[in-house]
Amino acid sequence: MPASLPADAVAAYRDRGYHFPIRAFPGTEASRLLHQLRETEARLGGRLEGRMNQKPHLLFPWAHAVVTHPAVLDAVESVLGHDLLCWGSQFFMKGARDPAYVSWHQDGTYWGLSSPDVVTAWIAFTPSVPESGCMRVVPGTHRDAVPHADTFAKDNLLSRGQEVAVQVDEAQAVDIVLQPGEMSLHHVLIVHGSEPNRAAWPRIGFAIRYVPTHVRQLNGEKDSALLVRGADRFGHFEHETAPEAELHPQALARHQAILDRQLAILYRGAAGEGKLGASITR
């Protein structure tokens with residue numbers, strides 16, 4: 001049933017800038033998704049990373065099935081309405097005892113989108129708890145955009161190593177604790193980050209970015225997105241296409257063109273070279 005979150009959960013999301021936990025997939029299905037991710041990585045000869053990890057739902061049918069899954073979309077519809085586009089997706093992966101981290105930041109800083117009506121659904125593929133470096137958020141910080149600085153730090157999982165240029169009261173931070181198959185929703189402007197993984201297991205989450213169809217790209221180029229629910233009566237985005245098969249040649253060609261255009265938007269004004277400049281290869 002559409003709009004699956006109760007009214008009090010939607011009110012809490014609007015007040016705090018996040019809501020969790022939401023059961024998106026049963027534990028057995030979460031295990032199957034993790035297995036599919038690992039099989040994909042094995043076929044790629046390593047990790048799903050770099051440009052291949054930007055909008056992987058346009059390359060892998062199983063990832064496309066996740067971003068279009070009714071349980072995910074029903075929750076997102078509760079806060080964004082019926083007409084929905086998937087603007088992006090990305091895995092955030094930390095190996096066991098991995099020094100990788102995510103600095104305090106707001107997602108929408110460099111995205112160029114016209115409205116803060118943007119939601120990230122963050123789906124846990126493995127336990128995401130404080131020991132494994134779960135996401136942390138600062139409640140209420142979604143009400144205002146704050147200045148950021150690029151660090152390009154090596155262990156920072158963000159493409160520009162961006163971090164807020166204001167003091168963060170970490171005593172107010174909330175741990176987003178999720179078990180496999182659970183997800184959180186967070187607002188595009190909520191200040192959030194995560195610490196290194198100190199656990200003996202990997203921490204893997206799939207972050208999916210959704211926007212209502214009235215949102216548009218302000219940074220020049222015509223942007224693209226995947227229509228996942230309802231109708232697009234605005235036409236601000238070119239519509240993306242589901243992959244014909246895993247790493248299908250036509251899907252690869254479309255994905256490369258899409259990434260070239262979107263990364264030009266995301267890196268505009270950067271003081272250094274980002275992490276995603278390499279061409280996609282099979």
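## The four-stranded sheet

In what order do the four strands of the open sheet come? In this predicted model, the order reads β3-β10-β5-β8, and the pairing is antiparallel. The edges belong to β3 (102-105) and β8 (174-175); each has a single partner strand, so one side of each is left without a neighbour in the sheet.

Further in, strand β5 (residues 135-137) and strand β10 (residues 192-194) pair up in the antiparallel sense, with three bridges between them. To pick out one position, M135 has S194 of β10 as its bridge partner. As a reminder, strands of a sheet pair through backbone hydrogen bonds, either parallel or antiparallel.

## Helix α4 and the glycine after it

Helix α4 covers residues 70-80, and it is mostly covered up: nine of its 11 residues are buried. The buried set is V72, L73, D74, A75, V76, E77, S78, V79 and L80, with the charged residues D74 and E77 among them.

Just past α4 comes G81, which takes a positive phi of about 95 degrees.

## A cis peptide at P21

Most residues other than glycine have a negative phi, and most peptide bonds are trans. The bond from F20 to P21 goes the other way: this peptide is cis, with omega near -15 degrees. P21 sits in strand β1 (residues 18-23) and, because its relative accessibility is 45%, it counts as partly exposed.

What does P21 touch, leaving aside residues up to four places away in sequence? The contacts are L178, E182 and M183. P21 also lies 8.0 Å from I176, C-alpha to C-alpha, although the two are 155 residues apart in sequence.

## Two positive phi angles outside glycine

K55 and L247 are worth a look on the backbone side. K55 is not a glycine, yet it has a positive phi of about 55 degrees. You'll find K55 in the loop between α2 (27-44) and α3 (61-67), and it counts as buried because its relative accessibility is 1%.

L247 also has a positive phi of about 55 degrees without being a glycine. This leucine is in the loop between β13 (238-239) and α5 (249-266). Its relative accessibility is 8%, so L247 counts as buried.

## Salt bridges across the chain

How many salt bridges does a search of the whole structure find? The count is 17. One of them joins the side chains of R143 and D15 at 3.2 Å, N to O. That pair links distant parts of the chain: R143 is in the loop between β5 and β6 (148-149), D15 is in helix α1 (residues 7-16), and 128 residues separate them. D15 is partly exposed, because its relative accessible area is 46%.

K55 turns up again here, in a salt bridge with E240 at 2.5 Å, N to O. This pair also links distant parts of the chain, running from the loop between α2 and α3 to the loop between β13 and α5, 185 residues apart. Both K55 and E240 are buried.

D83 and R233 make another salt bridge, with their closest N and O atoms 2.6 Å apart. They are 150 residues apart, D83 being in the loop between α4 and β2 (84-94) and R233 in the loop between β12 (224-229) and β13. The two ends sit in opposite settings: D83 has a relative accessible area of 14%, so it is buried, whereas R233 is exposed because its value is 64%. Elsewhere, R136, E170, D175, E195 and R198 are linked in a network of salt bridges.

## D223, a buried acid without a salt bridge

Which side chain of opposite charge is nearest to D223? The answer is K55, 4.9 Å away, and D223 is buried yet has no salt bridge. The cut-off for a salt bridge is 4 Å, so a gap like that doesn't qualify. D223 lies in the loop between β11 (203-212) and β12.

What D223 does have is polar contacts. Its side chain makes one with the side chain of W87 at 2.8 Å and one with the side chain of Q217, also at 2.8 Å. Besides W87 and Q217, D223 touches H236, F237, E238, R261, Q262 and I265, not counting residues up to four places away in sequence.

Definitions and conventions
Residues are numbered from 1 along each chain as its sequence is written. This is a predicted model: local features need pLDDT of at least 70, side-chain atom pairs count only at pLDDT 80 or more; totals for chains, interfaces and linings use all residues. Side-chain values use heavy atoms; hydrogens and water are left out. Two strands pair if DSSP finds at least two bridges between them. Buried means under 20% relative accessible area, exposed over 50%, partly exposed in between (1.4 Å probe, protein chains only). Contact means heavy atoms within 4.5 Å. A polar contact is a pair of N or O atoms within 3.5 Å; within protein, one must be able to donate a hydrogen and the other to accept it, and residues adjacent in sequence count only if both atoms are side-chain atoms.
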